[in-house]
Amino acid sequence: MTEQGRNLGAETPDDGRALRASGSPQPGDVGLSPDEVRNRVLAGLDNPAPDKSSRTLGQILRGNLFTLFNAVVGGCFLLLLALGQWKDALFGFAVIANVLIGVLQEYRAKRALDRLTLVHSPVARVMRAGSPADIAVADVVLDDILLLRAGDQIPANSMILEAGRLEIDESMLTGEVEAVVKQPGDQVLSGSGVVAGSGTARVIRVGADSFAHKMTSEARRFSLVNSELRNAINRIVRWITWALIPLMALVLNGQMKALGGWTAAIESGSWRQGIVSAVASTVSMIPQGLVLITSVAFALAAVKLARNQVLIQELPAVEGLARVDVICLDKTGTITEGDIAFDAAYETVDDDGPEWRDVLGWFGAAADANATARSLRTHFASSGRLNPLSTVPFSSARKWSAVTFDTGAVSGSWVLGAPEMVLGQGRGDDVDTLARASELARSGLRTVVLAHAAQSKAPEPDGEEPLPDGLRPVVLITLREHIRADALQTLAYFRAQGVGLRVISGDNPNTVAAVARQVGFEFTGDGYDARNLPTDIDQLGTILEDHHVFGRVTPSQKRDMVKALQLRGHVVAMTGDGVNDALALKQADIGVAMGSGSDVTKAVSRLVLLDGAFSHLPDVVAEGRRVIANIELVSKLFLTKTAYAILLALAFGGLLWEFPFLPRQLSAVDGLTIGIPAFFLALLPNQRRYVPGFLRRALGFAIPAGAVVAVVILTVDAYARFSVGNTQDAAQTASALSVSIVGLWVLLVLCRPLDRRRALIIAGMYLGLLGCLVVPPLRDFFDFELPSTDLLLVSLGAAIPGCLGIEMIDRIRRRRETSARPAL
């Protein structure tokens with residue numbers, strides 16, 4: 001047994017769910033009686049899955065529905081419907097869409113977590129009342145006697161009672177690919193599997209105390225992916241929502257005063273008009289469409305990636321990989337396929353020696369061949385003519401298998417196994433072969449030797465002298481782990497993008513180092529043995545900055561390593577496929593699971609590569625970059641409107657002027673200058689490299705641009721208010737026209753450099769604006785009225801300097817962003 005395997009099995013019971021007695025082997029135990037089973041179930045000593053720790057559907061609905069943002073906007077929506085102003089309540093449908101997308105997104109993540117279970121086996125075989133029985137895993141109770149066979153999965157932590165060449169696969173728990181031999185008195189953990197032999201075991205921990213359930217419970221804890229876009233947008237919405245309460249009071253008071261005072265407005269019924277104007281001012285301050293378009297952009301990117309066999313577990317994860325600057329890679333099943341491949345054969349005898357190629361073909365084709373022997377099939381075909389006199393199956397304790405033939409050129413005993421276990425009788429060829437095997441092993445290759453003895457008596461595996469006399473090495477064979485075909489190219493891509501790479505594996509450091517070198521890692525010496533890692537998180541972070549390849553890493557160490565990198569300011573992705581990777585995948589900013597991995601791994605990951613192809617990751621980066629760059633662009637449109645809406649609320653509320661738009665007119669302006677173009681722009685290609693500071697850049701443009709638009713509107717409205725002969729509808733139309741012209745110029749400067757698609761979008765918006773002003777049904781719906789010539793000229797005269805101001809702001813923005821952008 002490896003040291004790590006022994007440590008994992010060395011749990012000591014500490015509560016009532018522990019050993020019934022001493023746990024010593026008790027051959028012939030008839031198992032629990034029905035009454036004993038019933039008593040344990042009543043005492044809660046059965047094996048149910050841990051309680052769900054993700055949010056319930058009711059909690060999800062409440063969390064997405066009952067927010068201050070929804071209370072304000074939803075209240076305005078319902079108020080306008082109650083007043084019969086349904087034309088001015090169009091903004092409410094964006095709120096409904098936001099809530100629906102948020103609920104569906106979180107509920108999808110909840111379902112994935114609630115389906116999470118580590119133990120795949122539907123039944124467990126136990127001994128009860130003297131008879132074997134197949135029962136559900138959940139029905140296993142403390143002290144049950146498990147009957148273990150090859151292919152079974154351990155349903156609960158147990159202690160071995162009897163073992164017949166029993167070998168346990170703990171790779172999903174430790175990352176080490178070698179099976180572990182178990183003896184009576186050893187412990188086995190839930191979630192591990194039987195790969196060879198048979199035995200019995202007594203259950204010593206069940207339910208939430210078992211290893212699999214502990215891992216599952218920790219992995220199931222609900223959390224949303226850390227998304228810069230979502231965090232920034234939520235921060236903006238939170239700021240605005242809290243500012244809305246005093247601003248609403250200011251605007252509403254200003255509208256009532258503008259209508260002659262509260263008493264006069266109530267008596268005349270004009271208070272309805274005041275409320276509509278106040279709602280228009282309030283709603284214009286909220287970038288409600290930004291949340292919706294961001295969710296749509298994420299969703300469409302997820303659909304596109306799904307066609308390429310990439311499953312996005314949570315929509316904002318689309319952006320995540322584009323922000324990552326360190327990727328932590330598991331080895332087994334991630335960089336490698338998780339199996340062993342033939343590398344080379346080095347003869348130690350002359351070519352006219354025994355027919356060792358036929359013998360290797362027989363070992364590879366044997367029905368009980370282990371993974372090492374099966375890897376020989378690709379290079380050594382079985383003739384099918386060899387009939388063994390006797391065989392000895394492989395055992396991890398012996399580390400060899402044997403076959404004896406009594407006819408032809410292959411007559412004699414053949415042993416295939418670890419050189420240090422098969423050889424070592426002091427002959428010169430033994431010494432030379434062992435020295436060469438040791439040299440090859442230091443490079444990370446696995447070595448086995450095929451040895452031959454002329455005697456035709458089969459070795460006795462359980463005797464005092466199991467190997468036959470006269471064994472001489474015939475051929476030394478090297479094996480390597482099968483590297484994924486696309487691993488080298490994909491990791492080279494991330495290096496070129498400036499992303500740091502770390503390999504953290506539970507396997508032998510030498511083996512991990514050899515695999516790392518095959519995929520482009522350049523370093524001297526061996527991999528870092530994680531058994532020597534410090535527990536202090538700061539010291540651990542220092543080591544991670546200096547070393548890139550680690551072996552013998554435990555599941556909790558993997559999680560701590562990810563955390564240590566995060567504390568140093570890194571955005572970390574973690575790839576893996578085994579249960580031993582689950583905690584680190586959960587801790588990482590972006591967890592990436594292989595499609596062939598465990599259910600736990602896939603459920604806690606943000607991305608799942610369904611076909612296990614590494615080559616999809618650059619596609620995910622490209623989609624993330626497109627989403628980030630496009631959402632940053634459209635956010636500047638939305639936040640510009642928010643900025644000028646807040647300034648207008650302060651100005652008109654303070655001046656006691658009526659608000660210059662109806663809600664429906666604002667809906668038209670928003671749709672043409674922001675909403676419709678933003679929807680298309682969010683979906684266009686954009687390969688701009690990710691640069692931190694999205695919110696700072698967005699506000700750096702939006703606030704001054706919003707101030708320019710606010711000045712333009714105030715200028716036009718002031719002229720209309722103090723000049724003679726202008727109707728309210730004409731004044732509102734002039735204000736809407738001026739803000740549309742400047743708003744479309746904001747759209748133009750943000751779309752540079754223009755291409756055909758962007759030019760078509762902008763041209764379409766100008767045509768839309770013209771249609772709203774001249775097409776009678778549209779003009780009547782939005783209450784537009786063509787202004788007088790002088791008011792029209794003032795509107796255009798105010799808009800032109802506004803466009804020049806936007807141009808200056810954009811030049812400053814581009815200069816700053818160019819200086820801050822990292823070099824490719």
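Start by selecting helix 24 (residues 617-655) and show the side chains of glutamate 623 and arginine 626: because these two are three residues apart in that helix, they are separated by about one helical turn. They form a salt bridge, with the closest N and O atoms 2.9 Å apart. Color by accessibility and you will find both glutamate 623 and arginine 626 buried. Keep in mind throughout that this is a predicted model.

**More salt bridges**

Next, select glutamate 807 and arginine 752. Their side chains meet in a salt bridge, 2.5 Å from N to O. This pair links distant parts of the chain, 55 residues apart: glutamate 807 sits in helix 30 (residues 789-820), while arginine 752 is in the loop between helix 27 (728-750) and helix 28 (756-774). Glutamate 807 has a relative accessible area of 15%, so it is buried. Arginine 752, at 27% relative accessibility, counts as partly exposed.

While you are displaying charged side chains, add Glu632, Lys636, Arg688 and Arg697, which are joined into one network by salt bridges that share partners.

Now move to glutamate 347 and arginine 357, another salt bridge, with 3.6 Å from N to O. Here glutamate 347 belongs to strand 10 (residues 336-347) and arginine 357 to helix 14 (residues 356-365), ten residues apart. Glutamate 347 is partly exposed at a relative accessible area of 30%, and arginine 357 is partly exposed at 43%. A search of the whole structure finds 22 salt bridges, so there are others to look for if you enjoy this kind of stop.**The eight-stranded sheet**

Hide the side chains and switch to a cartoon view. Select strands 8, 21, 20, 19, 9, 16, 18 and 17: they make an open sheet of eight strands in the order 8-21-20-19-9-16-18-17, with mixed pairing. At the edges are strand 8 (310-312) and strand 17 (528-529), each of which pairs on one side only.

Zoom in on strand 20 (residues 590-594). Is this strand buried or exposed? Five of its five residues are buried, so strand 20 is largely enclosed by the rest of the structure. Turn its side chains on to see which way they point: Ile590, Val592 and Met594 go one way, and Gly591 and Ala593 go the other. That fits a general pattern: in a regular strand the side chains alternate between the two faces of the sheet.

Now add the neighbours of strand 20. Strand 19 (residues 572-576) pairs with strand 20 in the parallel sense over four bridges, and threonine 575 stands opposite valine 592. Strand 21 (residues 607-609) also pairs with strand 20 in the parallel sense, over three bridges. For a residue pair to label there, choose alanine 593 and its bridge partner, valine 608 in strand 21.

Elsewhere in the sheet, select strand 9 (residues 326-329) and strand 16 (residues 500-504), which pair in the parallel sense over four bridges. Leucine 329 has valine 503 in strand 16 as its bridge partner.

**A buried leucine**

Select leucine 148, which lies in strand 3 (residues 145-148). With a relative accessibility of 4%, leucine 148 counts as buried. What is leucine 148 in contact with, leaving aside its neighbours within four places in sequence? Show Ile154, Ile160, Leu166, Val194, Ser198, Gly199 and Ala201 to see these partners. You can also draw a C-alpha to C-alpha distance from leucine 148 to glycine 197: they are 8.3 Å apart in space and 49 residues apart in sequence.

**A nonpolar patch on the surface**

Switch to a surface view and select Leu300, Ile676, Phe679, Phe680 and Leu683. Together they form a nonpolar patch with about 410 Å² of accessible area. Helix 25 (residues 663-681) supplies the largest share of the patch, three residues. Phenylalanine 680 is found in this helix and, at 44% relative accessibility, counts as partly exposed.

**Stepping back**

Zoom out to the whole chain, which holds 30 helices and 21 strands. Of its 824 residues, 56% are buried. The chain exposes about 33,800 Å², and carbon and sulfur atoms supply 57% of that area. Among contacts with a separation of 6 or more, 75% are between residues 24 or more positions apart.

Finally, color by pLDDT. The mean for the chain is 80, and 84% of the residues reach 70 or more. Among the elements, helix 20 (residues 537-546) has the highest mean pLDDT, 94, and helix 1 (residues 3-8) the lowest, 37. Over residues 1-28 the pLDDT is below 50, and this stretch has 66 contacts in the model beyond near neighbours in sequence. Residues 116-121 are also below 50, with 25 such contacts. Where pLDDT is low, the predicted coordinates should not be read in detail.

Key. Residues numbered from 1 in each chain as written. Heavy atoms only, no water. Buried < 20%, exposed > 50% of the residue type's maximum accessible area, 1.4 Å probe, protein only. Pairing = 2+ DSSP bridges. pLDDT = per-residue confidence, 0-100. Contact = heavy atoms within 4.5 Å. Patch = residues over 30% accessible without salt bridge, like charges linked within 9 Å, V, L, I, M, F, W, Y side chains within 5 Å. Areas by Shrake-Rupley, 256 points an atom, 1.4 Å probe, with all protein chains shown as cover. Salt bridge = Lys/Arg side-chain N within 4 Å of Asp/Glu carboxyl O.
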